[in-house]
Amino acid sequence: MNDRAQILIDILELSPHPEGGYFKEVYRSAGTVGSPVNGAMRNCLTDIYFLLTAGQVSRFHRVLHDEIWHFYEGDPLELVEIQPDLSEITRIVLHGAGDRPQYKHCVKSGNWQAAYTKGEYSLVGCTVAPGFDFADFEFMEQNAAVQTTLLGKFPELYKLM
């Protein structure tokens with residue numbers, strides 16, 4: 001593992017995340033709001049640090065609410081976003097280099113998403129509003145029909161399952 005990535009894991013007190021990589025929740029608002037999608041009460045906002053190292057992936061999943069990814073440091077991170085009906089795939093590279101840095105991207109509510117670092121490591125943050133709750137989270141591997149259809153259209157995405 002890259003030395004800087006290990007330092008970040010240690011100083012930010014990151015733990016393994018179920019979708020891959022490492023994370024730590026750094027903010028969960030005290031206030032609550034009803035979800036506009038399902039009406040369930042959720043914290044207004046949550047925010048995490050999320051780190052991926054070489055060879056790790058954030059496996060395809062979706063969240064019920066909008067999720068904003070923020071690039072902080074390291075190598076570029078490729079974020080793959082797919083519409084719920086699998087009709088459109090978008091690839092976004094978050095990075096801080098060059099003439100047109102791309103520091104953030106919003107994955108829309110219900111869209112499938114996966115990510116990987118394009119180098120040794122990428123440190124990002126993820127903000128969800130209304131706040132993240134595992135009850136609002138689904139791995140694509142839990143939906144065999146969607147996974148089969150996606151791989152039929154985009155077989156190269158197998159590495160992100």
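Start with the charged pairs: this predicted model holds ten salt bridges. Side chains of opposite charge can pair when their charged atoms come close.

**Stop 1: K24 and E13**

Select K24 and E13 and show their side chains. The two meet in a salt bridge, with 2.8 Å from N to O. K24 belongs to strand β2, while E13 sits in the loop between α1 (3-11) and β1, so the pair ties together parts that are eleven residues apart in sequence. Colour by accessibility if your viewer allows it: K24 is partly exposed at 27% relative accessibility, and E13 is exposed at 53%.

Stay on E13 for a moment and look at its backbone. What is the phi of E13 near? The value is near 55 degrees, which is positive in a residue other than glycine. Most residues other than glycine have a negative phi, and most peptide bonds are trans.

**Stop 2: D133 and R42**

Next, select D133 and R42. The closest N and O atoms of this salt bridge are 3.7 Å apart. D133 lies in the loop between β12 (121-129) and β13 (137-139), and R42 lies in strand β4 (residues 41-43), so this pair ties together parts that are 91 residues apart in sequence. Is R42 buried or exposed? R42 is buried, with a relative accessible area of 12%. Its partner D133 is partly exposed, at 27%.

While you are in the loop between β12 and β13, select P130, which is also placed there. Show the backbone from A129 to P130: this peptide bond is cis, with omega near -15 degrees.

**Stop 3: E141 and R59**

Now move to E141 and R59. They form another salt bridge, and the closest N and O atoms are 2.8 Å apart. Where do the two residues come from? E141 is in the loop between β13 and α2 (144-153), whereas R59 is in strand β6 (residues 57-63), so the pair ties together parts that are 82 residues apart in sequence. E141 is partly exposed, with a relative accessible area of 43%. R59, on the other hand, counts as buried, at 19%; the cut-off for buried is under 20%.

**Stop 4: a salt-bridge network**

Select E78, R91, K118 and E156 together. These four residues are linked in a network of salt bridges.

**Stop 5: the open sheet**

Switch to a cartoon view and find the sheet. Which strands form it, and in what order? Six strands make up an open sheet with antiparallel pairing, in the order β1-β2-β5-β12-β7-β10. At the edges stand β1 (15-16) and β10 (104-107); each has a single partner strand, so one side of each is left without a neighbour in the sheet.

Zoom in on β2 and β5. Strand β5 covers residues 46-53, runs antiparallel to β2 and is joined to β2 by six bridges. To see the register, select Y22 and L51: Y22 stands opposite L51 in β5.

**Stop 6: a nonpolar patch**

Turn on the surface and select V26, Y27 and L45. Together they make a nonpolar surface patch of about 240 Å². Y27 takes you back to strand β2, which spans residues 22-28. With 41% relative accessibility, Y27 counts as partly exposed.

**Stop 7: the cysteines**

How many disulfides does a search of the whole structure find? The search finds zero. Select C106 and you can check this: C106 is in no disulfide, and the nearest cysteine sulfur, that of C126, is 11 Å away. Seen from the other end, C126 is in no disulfide either, its nearest cysteine sulfur being that of C106. A disulfide is a covalent bond between the sulfur atoms of two cysteines. The two residues also have their own surroundings to look at: C106 is partly exposed, with a relative accessible area of 21%, and C126 is buried, at 4%.

**Stop 8: L86**

Finish at L86, in the loop between β8 (77-82) and β9 (89-94). L86 has a positive phi of about 65 degrees although it is not a glycine. Is L86 buried or exposed? L86 counts as buried, at 4% relative accessibility.

Definitions and conventions. Residues numbered from 1 in each chain as written. Predicted model: local features only at pLDDT ≥ 70, side-chain atom pairs only at ≥ 80, totals over all residues. Heavy atoms only, no water. Patch = residues over 30% accessible without salt bridge, like charges linked within 9 Å, V, L, I, M, F, W, Y side chains within 5 Å. Areas by Shrake-Rupley, 256 points an atom, 1.4 Å probe, with all protein chains shown as cover. Helix = DSSP H or I, 4+ residues; strand = E, 2+ residues; numbered from the N terminus. Buried < 20%, exposed > 50% of the residue type's maximum accessible area, 1.4 Å probe, protein only. Pairing = 2+ DSSP bridges. Disulfide = S-S within 2.5 Å.
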